[in-house]
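Please look through the sequence and the model below before reading on. The paragraphs that follow lead from one contact between side chains to the overall form, and from there to the spaces enclosed by the protein.

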Amino acid sequence: MLTHAEVDCLYHLGQFNQREGASVEIGSWKGKSTIALALGAAKVHQEKICAIEPHKILPEEKYFEDIEAEFFANIKQAGIDSQVAPLIMTSEEAARGWTKPIRLLWIDGDHRYESTKLDFALWEPHVVEGGILAMHDTIRKKGPKRVLWEYVFRSGRFQEIAILDSITAFRKVERASLLARLRKCMTLTMRAIYIAARKSRVPHSKEFGRKLLRQVTAQTWLPMILLVFSANIAR
Ligand SMILES: C[S@@+](CC[C@H](N)C(=O)[O-])C[C@H]1O[C@@H](n2cnc3c(N)ncnc32)[C@H](O)[C@@H]1O
């Protein structure tokens, strides 16, 4: 489900260690994103990725098979099973009694609007100031798109909004600076161009829109939110 660039992006996000706190994943499925995050994290710190996944059959979201064994086999094969703390439960169940601050929150669970909204509402308050949130399927799926508009784009508490393919990543702050708000306008304009280009019949317009977003937001803002100056992100 993830593109190569998205896997690479998660690998870099996993390395984020400029703030204290846990790294939490909501929705692991077969473990591709878990592996990318954990491989990144293992490069810079010893903390495990908390991988929340109920491994339940969910026909409404087109999950018809039990993939728990496959998830465990995949993280073992990748050699990072000791870097992952699996929580076999829903995000709602995991949120009950959760008290740890979070430095990195990756939301890729149930994409229906009410569920995505619940994930955001339950987990975002635990993210520390300066911490990073990232969400998947934010270009095509209505649920994550609407949650982003309502809680992130309209809010003044998130900045350096970077969009890489279907991932939108951003940093939580107390109050976004004026410059950050201008950058957000730029990102949202390019996002609108990309979404329009996806529907247009003009040859190569979709690819152009995707690359533009990647190059301007992901290659510029992503290193900023990670507080690193790596030119290798999102190539
Ligand atoms: C899109 S898949 C995740 C893909 C995975 N992140 C990856 O990139 O390889 C969504 C996953 O969310 C899980 N899920 C559904 N409802 C959930 C909930 N309430 N809490 C946590 N995970 C949930 C589903 O079982 C499914 O495995």
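Which kind of contact joins the side chains of Glu47 and Arg103? In this model, which is predicted rather than determined by experiment, the two side chains meet in a salt bridge, with a distance of 3.8 Å from N to O. Glu47 belongs to the loop between helix H2 (32-44) and strand E2 (49-52), whereas Arg103 belongs to strand E4 (residues 102-107), so the pair ties together parts that are 56 residues apart in sequence. The two partners can also be described by their accessibility: Glu47 is partly exposed, with a relative accessible area of 36%, while Arg103, at 4%, is buried.

This pair belongs to a wider set, since a search of the whole structure finds twelve salt bridges. Another of them links Asp110 with Arg112, where the closest N and O atoms are 2.7 Å apart. Asp110 counts as buried, with a relative accessibility of 18%, and Arg112 is partly exposed, with a relative accessible area of 34%. A further salt bridge brings together the side chains of Lys117 and Glu114, at 3.9 Å from N to O. Both residues sit in helix H5 (residues 113-123), and because they are three residues apart there, about one helical turn separates them. Lys117 is partly exposed at 24% relative accessibility, and Glu114 is exposed at 53%. Elsewhere, salt bridges that share partners join Asp165, Glu207, Arg210 and Arg214 into one network.

With these contacts in mind, the reader may turn to the fold as a whole. The secondary structure comprises nine helices and seven strands, and the C-alpha trace spans about 45 × 40 × 30 Å along its principal axes. A compact globule of 235 residues would have a radius of gyration near 18 Å, and the value of 17 Å for the protein agrees with this. Of the 235 residues, 51% count as buried. Among the contacts with a separation of 6 or more, 74% are made by residues that lie 24 or more positions apart.

What empty space is left within and around such a chain can be examined with a probe. Rolling a probe the size of a water molecule over the atoms shows where empty space is left. The largest pocket has a volume of about 660 Å³. It is lined by 31 residues, and the closest of these to its centre are Gly27, Glu53, Pro54, Gly109 and Asp110. Asp110 has thus appeared before, as the partner of Arg112 in a salt bridge. H2, helix H4 (91-95) and H5 each supply at least two residues of this lining, and H5 gives the most, with three residues. By class, the lining of the largest pocket has eleven nonpolar, eleven polar and nine charged residues.

The second largest pocket has a volume of about 400 Å³. Of the 22 residues that line this second pocket, those closest to its centre are His136, Asp137, Arg140, Lys141 and Ser166. Helix H6 (142-153), helix H7 (178-199) and helix H8 (205-218) each contribute at least two residues to the lining. When the lining residues of the second largest pocket are divided by class, four are nonpolar, five polar and 13 charged.

How many cavities of 30 Å³ or more does a search of the whole structure find? The search finds one, and the volume of this largest cavity is about 30 Å³. Its lining is formed by Ile107, Gly109, Asp110, His111, Thr116, Met135, His136 and Pro144, and by class it has three nonpolar, four polar and one charged residues. Gly109 and Asp110, which line this cavity, are also among the residues closest to the centre of the largest pocket, and His136, another residue of the cavity lining, is one of those closest to the centre of the second largest pocket.

A last stop is Arg96, which lies in the loop between H4 and E4. With a relative accessible area of 60%, Arg96 is exposed. Between the C-alpha atoms of Arg96 and Glu60, residues that are 36 positions apart along the chain, the separation is 24 Å.

Conventions. Residues numbered from 1 in each chain as written. Predicted model: local features only at pLDDT ≥ 70, side-chain atom pairs only at ≥ 80, totals over all residues. Heavy atoms only, no water. 1 Å grid on protein atoms, 1.4 Å probe; cavity = no way out; pocket = protein on both sides within 12 Å on 5 of 7 lines; lining within 4 Å. Points joined across faces, edges and corners; volume = space filled by probe spheres on them. Nonpolar A, V, L, I, M, F, W, Y, C, P; charged D, E, K, R; others polar. Salt bridge = Lys/Arg side-chain N within 4 Å of Asp/Glu carboxyl O. Helix = DSSP H or I, 4+ residues; strand = E, 2+ residues; numbered from the N terminus. Buried < 20%, exposed > 50% of the residue type's maximum accessible area, 1.4 Å probe, protein only. Rg over C-alpha atoms; globule rule 2.2 N^0.38 Å. Contact = heavy atoms within 4.5 Å.
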